[in-house]
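Dear colleague,

Please find below the sequence and the structure that I promised to hand over. My notes on what was found follow straight after.

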Amino acid sequence: MTIDRGQLDEFRKTLEADDYHLSVEFVDDRALARIEAGPAACAECLVPKEFMRQMLSPMLGVGAERIDITYPVEVHTSGA
């Protein structure tokens, strides 16, 4: 796994502009991404999980199919 820290930090800043906060943990060969919402966040503003996996994959250095995502509210059920 090769993490692109620069790109990941920029992506975190983009999320933080909308009051979202991303944390990532690696367990075995999987990445566990958790996105939490602050009080000013808009739950409907998050993209579907499958799209988020595709965006995170090159930053985290793992295939999209090995990224588990937790959203603050499960508003996007397609691609869950």
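Leu 22 has Ile 35, in E2, as its bridge partner; helices (H or I, at least four residues) and strands (E, at least two) are DSSP runs numbered from the N terminus, and two strands pair if DSSP finds at least two bridges between them. Please keep in mind that this is a predicted model, in which local features need pLDDT of at least 70 and side-chain atom pairs count only at pLDDT 80 or more, while totals for chains, interfaces and linings use all residues. Residues are numbered from 1 along each chain as its sequence is written, and side-chain values use heavy atoms, with hydrogens and water left out.

E1 and strand E2 (residues 30-37) pair in the antiparallel sense over eight bridges. The open sheet is formed by three strands in the order E1-E2-E3, with mixed pairing. Strand E1 (20-27) and strand E3 (67-70) each have a single partner strand and stand at the edges, so one side of each is left without a neighbour in the sheet.

The largest nonpolar core, a set of buried (under 20% relative accessible area, 1.4 Å probe, protein chains only) Ala, Val, Leu, Ile, Met, Phe, Trp, Tyr and Cys residues joined through side-chain atoms within 4.5 Å, has 17 residues, and those with the most contacts inside it are Leu 22, Ile 35, Leu 56 and Ile 67. H1, E1, E2, H2 and E3 each supply at least two residues of this core, and its largest share, four residues, comes from H2.

With best wishes

Technical notes: Buried means under 20% relative accessible area, exposed over 50%, partly exposed in between (1.4 Å probe, protein chains only).
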